[in-house]
Amino acid sequence: MLKGLIFDLDGVLTDSARFHLTAWNNLAKDLGITLSQADLDNLRGISRMDSLEMILKIGGKENDYSPEEKAALAAKKNEKFLESVETMTPADILPGIPQLLADAKQDGLKLVIASASKNAPKILTKLGIIGEFDGIVDPASLHKGKPDPEIYEKAQALIGLEQDEVISFEDAAAGVAAIKAAGQFAVGIGDRKLLHEADYIVSDTSQLHLADIVTAFKESKE
Ligand code: G6P
Ligand code: MG
């Protein structure tokens with residue numbers, strides 16, 4: 001029986017994924033590294049330091065910086081990202097999300113955040129919805145990033161549920177892979193080709209209707 005919904009944040013509840021990608025793209029340019037659209041898509045859902053390592057590798061510069069210099073580069077990217085976060089308001093919640101959360105509450109479902117972002121509480125506060133959630137996985141507690149299932153397993157444990165009692169939402173291929181590795185039902189939001197591993201796919205959040213998703217979830221358990 002369905003008892004909870006688990007949400008990625010960036011690119012699912014709000015469009016902050018584009019702020020991350022712009023900040024990374026600008027940092028890469030400063031370092032003389034050109035990122036392709038595929039590179040940017042692969043960065044979705046990846047933790048801060050893993051993202052930096054991926055970018056340096058793309059540019060063949062993974063051995064050019066000391067750990068201290070890498071930490072400074074990641075801090076610089078985060079500063080730029082936070083400038084964008086400062087501009088966020090409740091109007092930045094993506095279409096379809098307020099109704100989805102309201103319907104879930106009406107049905108008595110628990111709601112949890114499974115974001116790799118250390119900025120998740122700040123962003124949820126700016127959006128005015130932090131109080132809607134029963135838990136937020138602390139990314140500092142994770143040993144491995146998405147596509148490892150750890151974050152989705154922790155999210156499920158946070159609300160005391162089993163893998164077949166939750167539906168998880170993602171915009172990143174690495175995130176969908178993490179959900180599936182955790183044995184949960186995955187809703188992918190975005191490009192069908194990138195998210196083909198998901199159990200249910202919509203092109204954007206305005207197409208998220210809880211009743212339809214629950215029907216697909218139930219059919220998958222038959
Ligand atoms: C999310 C985003 C990624 C970001 C990661 C870490 O997973 O999708 O783009 O790199 O969080 O975010 P942070 O805010 O901690 O740098
Ligand atoms: Mg995301």
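With 222 residues, a compact globule would have a radius of gyration near 17 Å, and this protein, seen here as a predicted model, comes out at 17 Å, so the two values agree. If you turn the C-alpha trace along its principal axes, it spans about 50 × 35 × 30 Å.

What is this fold built from? The secondary structure comes to 9 helices and 6 strands. To see how distant parts of the chain meet, look at the contacts in the protein between residues with a separation of 6 or more: 62% of these join residues that are 24 or more positions apart.

Next, consider the inside and the outside. Of the 222 residues, 48% count as buried, that is, they have under 20% relative accessible area. The surface that the protein exposes amounts to about 10400 Å², and carbon and sulfur atoms supply 50% of that area. As for charge, the protein carries 24 positive and 36 negative charges, and the mean positions of these two sets are 3 Å apart.

Now let us move to the metal site. Which residues of the protein hold the magnesium ion (ligand 2) as donors? They are Asp8 and Asp171, each through OD, and Asp10, through O. These donors lie 2.0 to 2.1 Å from the ion. Along the chain, the donors follow the spacing D-x1-D-x160-D; Asp8 and Asp10 form the D-x1-D part, while Asp171 comes after the x160 stretch. Are Asp8 and Asp10 buried or exposed? Both of them are buried.

Conventions
Residues numbered from 1 in each chain as written. Chains lettered and ligands numbered in written order. Predicted model: local features only at pLDDT ≥ 70, side-chain atom pairs only at ≥ 80, totals over all residues. Heavy atoms only, no water. Donors = N, O, S within 2.8 Å, 3.2 Å for Na, K, Ca; no water. Buried < 20%, exposed > 50% of the residue type's maximum accessible area, 1.4 Å probe, protein only. Helix = DSSP H or I, 4+ residues; strand = E, 2+ residues; numbered from the N terminus. Rg over C-alpha atoms; globule rule 2.2 N^0.38 Å. Contact = heavy atoms within 4.5 Å. Areas by Shrake-Rupley, 256 points an atom, 1.4 Å probe, with all protein chains shown as cover. Lys, Arg positive; Asp, Glu negative; His and termini not counted. Charge placed at Lys NZ, Arg CZ, Asp CG, Glu CD.
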